[in-house]
Every structure is written in structure tokens, then in C-alpha cells.
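Here are my notes on the model, set out as numbered points for discussion. Please read them with the sequence and the coordinates open.

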Amino acid sequence: MNSANNGRNVGVGHRHGGGTVKAFIQKVQSHQPSLKESLNGEIQAFLTDEDQLHTYDDLTKVNPVTPTTVLQCLQARYSVKVFYTHAGCTLVALNPFQPIPDLYTLDVMKEYHSAPQPQEFKPHIFIVAEEAYRNVKGQLEPVNQSLVVSGESGAGKTWTSRCLMKYYATVAASSSVMKSQDTVERIERRVLDSNPIMEAFGNACTLRNNNSSRFGKYIQLQLDRGQLLVGASVQTYLLEKTRVACQPANERNFHIFYQMMKGATVEQRREWKMNHGQRFAWLPHSEKTLEEDCFHETVRAMVHLGINADRQRQIFRVLAGILQLGNLSFSSAVDETQPCNLEEPTKDFLQKAAELLRVPPVELQMCLRVRTLKAGKQSVLKPCSQAECSMRRDCLAKVIYAQLFEWLVMFINNSICADESTWCNFIGVLDVYGFECFYTNNLEQLCINYANEKLQQHFVAHYLRAQQEEYVTEGLQWSFIKYQDNQSCLDLIEGSPISVFSLLNEESRLNRTSDARTLRLRLEKELHDNSNISWDKFSKEPHFTVSHYAGKVNYQLQGMVEKNKDPVPPELIKLLQKSEDPLLRQVFTDKETESPNSKGLNKVTVVSKFKNSLESLMKILHTTTPHYTRCIKPNPDCKPLTFKKEEVIMQLEACGIVETIHISAAGFPIRILYKNFLQRYGLISRHINSKFRFHHVGLRVFPPCPLLALLVSLTLSYLWELLFL
Ligand SMILES: Nc1ncnc2c1ncn2[C@@H]1O[C@H](COP(=O)(O)OP(=O)(O)OP(=O)(O)O)[C@@H](O)[C@H]1O
């Protein structure tokens, strides 16, 4: 990242372990060798006390705060199996990659929940949970809370989100007192049961995580006036549907397919037309057994959520139909006027797919091989090329899976969402896919990394920038702490009028086959003076490189525009609308079937849709009190209790943890609006209390007339002071 444009200056003062932050920052910023030497000396002195390093529960107490000292403390803690550490306003969670006995039990939850000052206990995700819960209880604005869990793939976000949900399902249980582990039931049980279903359909085994979420989610836990959990709602973001038809090398498809293969009864296999030992092209690595391959747990959760046996059968039949589609392959046509044929051994799969999806086999075959072009009022049939046939087959599978997933989320919401009149506040848990940088990256990674930029910006705006600006405005003694502001990178991606997204959308709206080189030239012409984007002049592949806050990523342009258009041939939708399967018919009713060349021109592109959904999310986040948890992956191989310094330091730097610690250490740990402070603590002072109370009385008696209200309040408080003080 270009630190020249991203470092911003804002102001400092106050305490910082033994010395002042101001002094420390001055030392770091200075280029005088003597000061540098003295800093090195301080670091060495701090690190010499090796036995003490693991005792730092809060990294703001580390002195001096440098990447080295922070890293050493975290490593020392990890080696004694301490996985949580405060970093000022943020909780750092190191992934142990093995179950830790007694860390998340009911007793531990109770302990944190009933403690008068949970902050005095050992750092834990339950402290974050409890703090948010008490904020709701305290009704201090903003009352609604958001728990933002971030980190790279495999760092532990989903695990952490599950812990948070279990915590609230236990301590805020409305149906039963916490008696035993099994008493979390009814609505709490249903809320928890949404997890295995969404993970079965939305998670997959990737190179970086055996249970990687391939979608983002924001769960709002709805609380009633007594802060009891009465319901929840889930919002999901950008499911990686391409995985259904194309799995990256050495990765798997979504868990649900493997669960079905492994957990089905003989009868189910017969119904799904899955012969024993049958191989499916879209199920690579099915020999691998994971603890996530638990079909019965998914079915049990479905039952709890009210998905009845008939619906379940429909869902699994459709999924089995998708698998059969994956086995279809086409031979090239004899000449362009003839449609491609299905390869002989795969004809049987077409029949099976059609039966499972309950569509006429002849029509299914027709849709996959022949395109209908509209010329005025006339329709012209045009045979598809071999590549187009495969593309249509994949597209059919993707659109079915994506709609099924959407339907499931809607069903889950209907099952767990409380009536609006019954809840008044919420605690939101945000678990979005972590920053991704692969050998080849395309639109999916661009969207995922854009989402991470947005979250980082929320953190920067809410904490790093806003807090320092507030100190300056309030005239407090404060000198500047530099931090990385990723706003310029966000502007590059989503800004107006010219940005990567706007240019991509423009190209997607043109009624012609996209050309990666043209787009590459366009990007370079329009964005050449933006320091956050660059191009490797010697690369043969058209691409662009973005300097994200978490590192540089190369994005390939080949296929990006098509992915952004995400066209679904209208014939496929029409076919599914005719299906005799009630579920398919239901999810495809009302779906647009216009040709992509007509109405489709105005179709919302993938990036526009994603941007809009993220903006809605950001609006919600801005109205809540945020709590940040940074999950850290201590090694890339997911090995238990293995700490690789280089891996950890990169993640700490990417999320600006050192800057966060500086600002937290130097700033005020508790910040409440004066009005709220008075409301909460006014009782302590008789003097303030009388004025404040009577001011309220005045306002209540004469709400439309502030002057009269003021007069009443002044007179009453004067009389009060005269009589009693
Ligand atoms: N606190 C923990 N205790 C024990 N194991 C953990 C913990 N946190 C994470 N893990 C292990 O690490 C694995 C990866 O964690 P998780 O799936 O939560 O990562 P993630 O950040 O959500 O990744 P992705 O972005 O790919 O979805 C888990 O399957 C689990 O085995």
C-alpha cells in the first residue's frame, strides 16, 4: 500500500505503560540513529523478561508497542495455550486448531455472564459478547450492537460466530433457565440449527480451510425488552455459486453433496438414482472424510427448523439432479448448423437429471444444445458450440443451486424471525469471507476483497479516525498517530464516476462479447494516475493489480466481464418454470426470462448488486455500537498449536493492530455522550440530579414549548436547592 497517501495525521497524549505514546511515536518517526538505538534498546529490554511476556492480557500494556513486541507477546501466550488477548478496543483471537477443553463450557459462560466486572477476567470472546449484551441492557445509544469478526480464511471467524451465538442462546434464553447443556431449546435451538444447514450448503473444503464459508453472513439476534432472545434474522452475501460446477484444483464442492453421498440410506440412493460406487465429475476428493460430512446433523437441523419430509425429499432430489448434470459431456458438432451431440456414455445421465429435476428430457437436451434468438417477433434457433453447451450446463446447475440456497435462507428466516412487535433491540454478528489472494484471482476475489476493504474502512472511520478527530475537536491534548487509511483503495474500486467497478459495468452493458485486452486498456487509460492500481507490463495475461490494505492482489481480466453480467439463458429459466417439482417451480416463478439482449441490458450486474448489499450492511453497522474481533491464523497448514511468526506478523500488519494499540493506549478507554452519561450517572450528584431531573420534568410537561419547559425546570430546581441543599 502506498503509505504516502494513506498515512493521515491526527492528534495524542496520555498514558502508555511506562512512557508516553507521544514520546514513543516521536522516537519512531524520528530518523535520528540515537533514538532508534534507544528504541531497539527498549525493545530488547522488554523482551529480555521472557517469562513475563505471556502475562500481558492487554497489548496496550506492552511497552514499547512495536510489531516485534506485540508478536512476541502473542507467541508467548499461544505457547502457554492462551488464545485471546485484548488489543485495546479489539480482541485478538488466535486459532488453536484443536478443541480446547473447558474453554467454552456452560460454566464458563455463566462465569462471564454473572461477573460484576467481566473485563477483569481472562480475555475471552465471552467478554466481547457480554459487553455487547450489557450495552443493550444499559440502553445507551446506540443500543443495537454489532460484533464484527474478521480475519483471513481459516482464521476462526465461523467458529467465533458460532461461539457468540451459543453464548446468547444460553445467557439470553427465553425458554428455560440455564440448567444443563441440553436446555437451550425452542427459538434458541432453532437459531443455532440454522448454522449446520447454512454451513452444509454454503461451506466447502478449500486449500486453506476444511470448512470454508463460501458466502458472507450477518445474523441479527433479536432481543425483547427484557433482553431475552426471541428470534433472529440472517442476511447472506454473494454465495460462490461457481463452485457447484467448477472446483479449484484440490478443493471440494459444497459439503452437502458429500454428506448426501456418505449419509444416504439404500432407499435414498435409489430415489436419487445414485448407484453405489458411481462417480460424479463435480464431486472431486470424495474419498476425503471430514467431520463436516455429517448428513444426519443437517437433516436433524432441517427437521427442527420445520423443513418437512416432503420438502427435504424435493431438496435432495434437486441436488442429486445437479450431480447428474455434471456428468454430461458434449461432442463437437459435425458442422455449425448441427447441434452438438451428447457423448454416448453420458446419455443416461441426461435421462436421470431430467427425472430428478422433473423436466422433459427432450426439452432439457434442447435447452442445453440450442439457443433461441429473437429477431423481431420471430424466433430463430441456433445450435450452440461445444463450449457453449458446457457453459449452459454449468449455468443451469449454478442457477438452481443459488436459488435453492436463497430459498433456504428465506425459509430459515421465516422460521427464526420474531414478530416485529416482540423485539426492540438486536446484536448483530458479522462473519464475512476473509481476504483472498490466490495464484489466479477473478471477480469473486475482487468482491471478497472489496468487502474486506469496506469492513476495514468501517474500523478506520469508526475507531482510528473518528476517535482522534473527536479528541482534537474537544480540545484535548493529543498528538498525531499515523494509520493506514484505505479510503483511496475503496475509491479506486467503487468510486464515482470512474472506478474499476464503473468501468467493468460499462463494459458489461455493451452489447458485444467482452474482450479482456480492451478492458485492460480502458482501465489503464482511465486509472493510470491512481497509485493503488498497477500493471505488470511484461505479463501476457491481461490483468490489473490492486494494492489492498492487506496486500497486493493480481486480478485476471479474462472472463471477468461475463462473470459480472452473469447471464442466464432464458430458455433454462423457462424450462425450470415448467418443472413438475413443486420446489423448483416455486423458486423459479416470477424469475425474469427476457433475453439478455433486450431487457437484460438493464440487468443489475454482480458488482452493482454486491455493492448495494454491502452498502445496506454498512448503514446498519453505522447505527450500531461495534465490537471488533480479529481472528488470526497462526500457520497456513492449520496445524494445532503451531505459531509461524511470518504468517502472524503479516496478518497483524494488515489489520493495523499496532496502530489500534497505540490509539487505544493513548486514548480514553470509555467514551460516553455527555447526555447519556448524565442520564446514567446523574443520580450520583444531587446537584446535577436536581437540574437534570427537573429539566426532564419540564420537557415532559411542556414538550412542544422548550422555553416554557426550561422555565419550569429552572424554577423547580431552584426551589429544590433552596429547600434541600
Ligand atoms: N477457538 C477455536 N478452537 C478450536 N478450533 C478452532 C477455533 N477456531 C477455529 N478453529 C478451527 O479452525 C478451523 C477454521 O476455522 P473457521 O472455519 O472458523 O475459519 P474462518 O475464518 O471462518 O474461515 P473462512 O473464511 O474460510 O470461512 C475450524 O474448522 C476449527 O477446526
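1. I begin with Ala155, which is buried, because 24 other C-beta atoms lie within 10 Å of its own, and the cut-off for that class is 20 or more. The model is a predicted one, and this count should be read as computed from it. Ala155 sits in the loop that joins strand S4 (145-150) to H7. Leaving aside neighbours within four places in sequence, Ala155 is in contact with Asn95, Gly434, Cys631, Ile632 and Lys633.

2. Lys157, by comparison, lies in helix H7, and it is buried too, with 28 other C-beta atoms within 10 Å. Once its neighbours within four places in sequence are set aside, the contacts of Lys157 are Val149, Ser150, Gly151, Asp431, Gly434 and Cys631. Gly434 and Cys631 therefore appear in the contact list of Ala155 as well as in that of Lys157.

3. The UniProt annotation "binding site", taken from an unreviewed entry, covers Gly151, Glu152, Ser153, Gly154, Ala155, Gly156, Lys157 and Thr158. Both residues discussed above, Ala155 and Lys157, are thus within the annotated set.

4. Which residues are closest to the ligand? They are Ser153, Gly156, Thr158, Trp159 and Ser212, out of 21 residues that surround it. Among these, Ser153, Gly156 and Thr158 also carry the "binding site" annotation in the UniProt record.

5. As to where the shell around the ligand comes from, helix H7 (157-171) and strand S6 (212-213) each supply at least two of its residues, and the largest share, three residues, is that of H7. By class, the shell holds eight nonpolar, twelve polar and one charged residues.

6. Helix H8 (residues 186-202) passes a simple check of geometry: at 1.5 Å a residue its 17 residues should span 24 Å, and its end C-alpha atoms are 24 Å apart, which agrees. Of those 17 residues 13 are buried, so H8 is largely enclosed by the rest of the structure.

7. Finally, there is an open sheet of three strands in the order S13-S14-S15, paired in the antiparallel sense. Its edge strands, each of which pairs on one side only, are strand S13 (533-534) and strand S15 (551-556). Strand S14 (residues 543-548) pairs with S15 over six bridges, again antiparallel, and Ser547 stands opposite Lys552 in S15.

Methods:
Residues numbered from 1 in each chain as written. Predicted model: local features only at pLDDT ≥ 70, side-chain atom pairs only at ≥ 80, totals over all residues. Near = placed C-beta within 6 Å. Helix = DSSP H or I, 4+ residues; strand = E, 2+ residues; numbered from the N terminus. Nonpolar A, V, L, I, M, F, W, Y, C, P; charged D, E, K, R; others polar. UniProt positions renumbered as here; feature names shortened; annotations may be inferred. Buried ≥ 20, exposed ≤ 12 C-beta atoms within 10 Å, placed from the backbone. Contact = placed C-beta atoms within 7 Å. Pairing = 2+ DSSP bridges. Expected span 1.5 Å × (residues − 1).
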